Structures are given as C-alpha cells and as structure tokens.
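Subject: Structure for your review, with notes

Dear colleague,

I am passing on the structure we spoke about, together with notes on what was found in it. Please read the notes with the model open beside you.

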Amino acid sequence: MITTKINLEIYDFKIEVIEAESREDAPAMRKALKRLMVSNDLIEEIAQAIADGDINGGWTMCNYGIKRIAVVLLPMDSETKRRSVLMHEKRHVEDDIMSHCNIDDAEAAGYLAGYLSKFIY
C-alpha cells in the first residue's frame, strides 16, 4: 500500500491518498480508513473490493468536521488507468474543498489544481 499525505495549509485541509497494490492490502486499508474516521460501512465496502481483487476504481471521502479528505485507489491494471482514476479523484478533492470554503472562482480553483498536482501524480 502506498500513502501520500498532503497538508493543504491555505485551506486548512489534510489529504491522504492511499493506493492499494494487491488483495493483501485490505486489512491495512481498514486500519488507515478507521484512523481517518471513515464510516464503517464505507470501510467495509472498500476493504471488500480490495480483498475481492477489484481493480481500476477509486473513492474520495471528505470529513468536513475535521477537514480531512481521503482518496483511495484500487490496484490498477495499467499506469494509464491509474492516472485517469487518480485525476478523476483529484478533481473531486478540488471541488469538495472549493465548495466547502464557498469559493466560486475559476482562478483559485486553477491554483489549487496546480498545487495539488505537485503531490498527486
């Protein structure tokens, strides 16, 4: 399992990108998502998908109360698919932050996208 942590100080959010690499990552994923206060139902859905060998999928989950965002990727069958799913989930992160902060500004969204691209790739 690969984890990338991002501290987005300007919006006071912490983001964690967690990539499962194989079925064996299901228990570690459960533990990581529990630490991030993800709901038990969603933890089980994700861990079961990993354990079942599902591929090429992702989730973005926000806990606005503690300003945490978790992005989870299933194992991917190609780097191209990984990039596609990761960029899809990155867009959810951007939209969730902008919406929560009540910012309706394309330039601010562009700066956020550029900043996140340094860490989510």
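A convenient place to start is G53, which follows helix 2 and has a positive phi, near 85 degrees; helices here are DSSP runs of H or I with at least four residues, strands are DSSP runs of E with at least two, and both are numbered from the N terminus. Please keep in mind that this is a predicted model, in which local features need pLDDT of at least 70 and side-chain atom pairs count only at pLDDT 80 or more, whereas totals for chains, interfaces and linings use all residues. Residues are numbered from 1 along each chain as its sequence is written, and side-chain values use heavy atoms, with hydrogens and water left out.

Helix 2

Helix 2 itself has 12 residues and spans 16 Å from its first C-alpha to its last, close to the 16 Å expected at 1.5 Å a residue, where the expected span is 1.5 Å times one less than the number of residues. Its buried residues are I43, I46, A47, A49 and I50; buried means under 20% relative accessible area, exposed over 50%, and partly exposed in between, with a 1.4 Å probe and protein chains only. Seen down the helix axis, these buried residues fall within an arc of 155 degrees and so line one face of helix 2, the arc being that of the directions from the helix axis to the C-beta atoms. On the face turned away from that buried side, helix 2 carries the exposed residues N40 and D41. The cover over the buried residues of helix 2 includes helix 1, strand 3 and strand 4, with contact taken as heavy atoms within 4.5 Å.

The sheet and the helices on it

Four strands make up an open sheet of mixed pairing, in the order 1-2-4-3, and two strands are said to pair if DSSP finds at least two bridges between them. Strand 1 (2-8) and strand 3 (58-63) are at the edges with a single partner strand each, so one side of each has no neighbour in the sheet. From one strand to the next, the twist averages 15 degrees; axes are lines fitted to C-alpha atoms, for helices over the stretch in contact, and angles run from 0 to 180 degrees between N-to-C directions.

Strand 2 and strand 4 (residues 68-73) pair in the parallel sense over six bridges, and V17 has V71 in strand 4 as its bridge partner. Strand 3 and strand 4 run antiparallel and are joined by six bridges, with T60 standing opposite V71. These two strands, 3 and 4, form a hairpin with four residues between them, and K67 in the turn has a positive phi of about 55 degrees.

Helix 1 lies across strand 2, strand 3 and strand 4, and runs at about 170 degrees to strand 2. Helix 2 also packs on the sheet, where it touches strand 3 and strand 4 and makes about 160 degrees with the direction of strand 3.

In the loop between helix 1 and helix 2 is L36, which counts as buried at 9% relative accessibility. Leaving aside neighbours within four places in sequence, L36 is in contact with E16, I18, N63, I66 and A70.

Salt bridges

How many salt bridges does the structure hold? There are six, each defined as a side-chain nitrogen of Lys or Arg within 4 Å of a carboxyl oxygen of Asp or Glu. One of them joins R82 to E19, with the closest N and O atoms 2.8 Å apart; this pair links distant parts of the chain, since R82 is in helix 3 (residues 79-100) and E19 in strand 2 (residues 13-19), 63 residues apart. Both R82 and E19 are buried, with R82 at 14% relative accessibility.

R82 also forms a salt bridge with E79, the closest N and O atoms being 3.1 Å apart, and the two, three residues apart in helix 3, are separated by about one helical turn. Salt bridges with shared partners thus join E19, E79 and R82 into one network.

Another salt bridge runs between R30 and E44, with the closest N and O atoms 3.0 Å apart. Because R30 lies in helix 1 (residues 26-35) and E44 in helix 2 (residues 40-51), this pair ties together parts that are 14 residues apart in sequence. R30 is partly exposed at 28% relative accessibility, and E44 is partly exposed with a relative accessible area of 38%.

With best regards
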